[in-house]
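Please keep the structure open in a viewer and follow the selections below in order. Each stop names what to select and then states what is found there.

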Amino acid sequence: MSQTPAAPAGERLDVRKTYKLYVGGSFPRSESGRTYAVHGADGRVLAQAALASRKDARDAVVAARSAVAKWSGATAYNRGQVLYRVAEMLEGRTAQLADLVEQAEGVSAADARAQVAAAVDRWVWYAGWTDKIAQVAGNANPVAGPYFNLSVPEPTGVVAVLAPQRSSLLGLTSVVAPVVATGCTCVVVTSFERPLPAVALGEVLATSDVPGGVVNLLTGSAAELGPWLASHRDVDALDLTGAAALTDPTWGGLEAAAADTLTRVLRPADLPDGEEPDWTAAPDPRRMLAVMETKTVWHPKGR
């Protein structure tokens, strides 16, 4: 019986990775078939990434909406467990993620590993907040009369996020983790020039017990997709962090589009020349509260 001879050493070709979107727990190509070249900080072409279209954005919103009931209905303790699992999986892929961050952002290997470590810690930090944010932001209100009056924060629903354009992993984590910690689901437009760490994060999420549709990642242009997400009637909140670098449309134009449907808006930080916040700084609960609504209920006291 004849056997196929083994290929000579050194002649094997690497398996080229196909970088896709992450929508509804799956990894589809853009429905438009479009791709674009992703360059590293040194100008070298690293890969071809899917260029999401407005149809992809609509599909992502549908996926996010379908996941709201299950994710918001889960116990806060369970959500915390899932976010902690994300941190565990990220920790196990430190080498790969650090390499992607180093290539994308042009930082040193040590700085890239530090950013990955900070991203892991941030998922752990928000995992710890899932069952505490209601206690911090809610309260029993003093009223005149024989009633209990309670204010309780609840997830607002589907959140569209324009991710930071420069901080490809730590910044991305810093805007996604607080959204899902509250019980919201999200559609995220990743950094256009530095999308590869976001795609790797999608692979982590897919294996971390995060239900499909809770996080949807679109690689593509925030300038192209932003207006459609801002005006979408099934988007409940809009995080414009990554829109600070846009010149057309400006983030103010996106805010105006969101106002037409009474969508909550988290404005970008007021920094010069499209600069981004210091993502290494300690986080706080404000990003969680920006995507939550307060429900106040009255109940008569028993006699």
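**From the paired strands outward**

Begin by selecting strands β5 (residues 158–162) and β6 (residues 185–189): the two run parallel and are joined by 5 bridges. The model is a predicted one. Within this pairing, display Val161, which stands opposite Val188 in β6.

Next, keep β6 alone. Of its 5 residues, 5 are buried, and the strand is thus mostly covered. Turn the strand to inspect both faces: one side carries Thr185, Val187 and Val189, the other Cys186 and Val188, and all of these are buried.

Now centre the view on Cys186. Leaving aside residues up to four places away in sequence, Cys186 touches Ala64, Val159, Val161, Val176, Val179, Val180, Val214, Val215 and Asn216. A second, separate core comprises 27 residues, including Ala64, Ala160, Val235 and Ala258.

Move on to the largest nonpolar core, which has 59 residues; Trp123 and Cys186 touch the most other members. Select helix α4 (residues 109–129) here, since it contributes the largest share of this core, 9 residues.

Finally, turn to the surface. Select Phe148, Leu150, Val152 and Val297, which form a nonpolar patch with about 310 Å² of accessible area together. Strand β4 (residues 147–155) supplies the largest share of the patch, 3 residues. Is Phe148, a residue of strand β4, buried, exposed or partly exposed? Its relative accessible area is 45%, so Phe148 is partly exposed, given that this class lies between the limits of 20% and 50%.

Methods: Residues numbered from 1 in each chain as written. Predicted model: local features only at pLDDT ≥ 70, side-chain atom pairs only at ≥ 80, totals over all residues. Heavy atoms only, no water. Core = buried A, V, L, I, M, F, W, Y, C linked by side-chain atoms within 4.5 Å. Buried < 20%, exposed > 50% of the residue type's maximum accessible area, 1.4 Å probe, protein only. Helix = DSSP H or I, 4+ residues; strand = E, 2+ residues; numbered from the N terminus. Contact = heavy atoms within 4.5 Å. Patch = residues over 30% accessible without salt bridge, like charges linked within 9 Å, V, L, I, M, F, W, Y side chains within 5 Å. Areas by Shrake-Rupley, 256 points an atom, 1.4 Å probe, with all protein chains shown as cover. Salt bridge = Lys/Arg side-chain N within 4 Å of Asp/Glu carboxyl O. Pairing = 2+ DSSP bridges.
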